[in-house]
Amino acid sequence: MKIGITCYPTYGGSGVVATELGIELAQRGHEVHFITYSQPFRLREAQPNINFHEVEVSSYPLFEYPPYDLALATRMAEVAQIYSLDLLHVHYAIPHSVSAMLAKQMLAKARNPHKLPFVTTLHGTDITLVGADRSYLPITRFSIEESDGVTAISKYLRDRTYKEFNVRNEIDVIYNFVNCDVYHRTPEIMAKRSEFASDDERLLVHLSNFRPVKRVCDVIEIFDRVQKQVPSRLMLIGDGPDRSQAEWLAVEKGIHERVIFLGKQDLVHEKLALADVMLLPSELESFGLAALEAMACEVVPIATRVGGIPEVIEHGISGYMADVRDVATMARCAVELLSDSDRLKQMGLQARNAARARFCASKIIPTYEDFYRKVLERAS
Ligand code: GMT
């Protein structure tokens with residue numbers, strides 16, 4: 001198949017999923033065209049079957065807000081026509097789904113009778129935050145209903161979309177995935193652990209875009225409690241608006257020498273695998289891709305019992321869950337686990353087994369392929 005993929009190419013779970021999906025599809029022989037405003041950050045080098053088309057947004061003094069969604073629709077239509085794409089797959093409804101809908105309409109005559117179908121994958125904040133904003137809700141609902149196929153990354157997000165958007169079309173749940181061959185603890189990776197913690201110290205990790213929904217200051221609060229009882233260090237991967245607040249909190253608590261802010265990282269798996277435990281105390285996660293990536297690396301997630309997290313983590317088996325803001329319970333889970341090497345090892349293996357059994361790319365990618373075929377059949 002020839003598939004056009006659009007996502008937010010910068011740091012964020014939906015962009016990660018879209019990029020990894022494109023890479024996996026290309027490796028399975030499909031022709032993939034990324035249509036985005038910059039090169040997706042996980043697309044590091046040229047790869048067979050993968051093309052990148054940059055969306056240029058021209059700016060005039062008249063445009064206080066340059067119309068990105070129109071430039072995107074234009075580029076989608078051009079790429080679809082020039083490369084005879086079979087379908088478009090957009091990640092994150094706003095505004096990508098609307099742009100795809102326009103591209104489809106622009107090409108309707110030229111492609112008659114074969115319209116250009118588009119698939120929308122809902123990721124989370126496009127529904128829970130942005131889409132539920134009254135100013136975006138009607139257009140988001142409309143573009144979801146106009147989509148030729150809609151998927152959500154968890155049952156939670158599917159149900160919430162039905163409830164809040166009252167959309168009539170069917171939403172298929174296709175869980176996020178991880179490439180378990182890449183996200184894997186290896187001796188080569190572990191050889192670098194001493195750069196971050198000594199042998200008698202535990203290493204905790206957090207990975208996010210440091211947005212308020214991630215509650216990064218809770219990560220510092222949890223770690224502060226943990227390090228009082230277990231010799232340990234904390235590694236934070238990513239960047240975003242709440243980073244400086246978290247840095248200052250670490251300074252105020254006098255623990256900043258035990259806390260390392262790595263910023264944005266390209267090869268996340270090489271850092272994740274070094275840790276023992278991941279802290280993910282988010283206000284909301286529709287899925288929690290970071291937790292899944294940690295699990296594949298035998299790193300035990302300690303997260304909040306919100307959104308789609310209970311669909312990913314089995315409490316007490318592949319990780320732990322606590323209520324939002326309950327930093328005391330999350331710290332207690334971490335201390336107990338980090339104080340018991342056998343239990344830590346066992347839960348790390350259980351976490352990896354769960355990731356492999358339910359969320360491995362080799363299982364999920366064929367589900368996307370089947371979904372595309374279903375959409376193409378319906379459209380023809
Ligand atoms: O979490 C974010 O702020 C980024 C956001 C995105 O769309 O880039 O993440 C959402 O999609 C991820 C990939 O599907 C999910 O793993 C995250 O749980 C989801 N975030 C939220 O629901 C807050």
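**Spaces and a ligand site, feature by feature**

Author: Let's start with an open space: the second largest pocket holds about 300 Å³. This is a predicted model, in which local features need pLDDT of at least 70 and side-chain atom pairs pLDDT 80 or more, while totals for chains, interfaces and linings use all residues. Residues are numbered from 1 along each chain as its sequence is written, and side-chain values use heavy atoms, without hydrogens or water.

Reader: Which residues lie closest to the centre of that pocket?

Author: First, the idea: rolling a probe the size of a water molecule over the atoms shows where empty space is left. On a 1 Å grid over the protein atoms alone, a pocket is an open set of points with protein on both sides within 12 Å along at least five of seven lines, a cavity is a set where a 1.4 Å probe fits but cannot get out, and lining residues have an atom within 4 Å of a point. Here, 14 residues line the pocket, with Glu20, Ile23, Arg42, Arg44 and Val182 closest to its centre. Helix 1 and helix 10 (268-272) each give two or more residues to this lining, and helix 1 has the largest share, 4 residues.

Reader: Where does the second largest pocket lie relative to the domains?

Author: Between them, because domain 1 (2-177 + 361-379) and domain 2 (187-358) both give residues to its lining.

Reader: How many cavities of 30 Å³ or more are there?

Author: The count is 1, and the largest cavity has about 90 Å³ of space. Its lining includes Val16, Val17, Glu20, Glu24 and Arg42, along with Leu289 and Glu293. Two elements, helix 1 and helix 11 (289-296), each give two or more residues to that lining. Helix 1 again has the largest share, with 4 residues.

Reader: Now the ligand: how many residues surround it, and which are the closest?

Author: A residue is near the ligand if one of its heavy atoms lies within 4 Å. By that rule 18 residues surround the ligand, and Ser14, His123, Asn176, Lys214 and Glu285 are the closest. Helix 1 (residues 13-27) gives the most to this shell, with 3 residues. Domain 1 and domain 2 each supply at least three residues of the shell.

Reader: Which backbone atoms should I look at around the ligand's oxygens?

Author: Look for polar contacts, pairs of N or O atoms within 3.5 Å. A polar backbone atom of Ser14 is 2.8 Å from a ligand oxygen. For Ser286, the distance from a polar backbone atom to a ligand oxygen is 2.9 Å. A backbone N or O atom of Leu289 also lies 2.9 Å from an oxygen of the ligand, and Leu289 is one of the residues lining the largest cavity.

How values were computed: Polar contact = N/O pair within 3.5 Å; in protein donor to acceptor, adjacent residues only side chain to side chain. Domains from an automatic or database assignment. Points joined across faces, edges and corners; volume = space filled by probe spheres on them.
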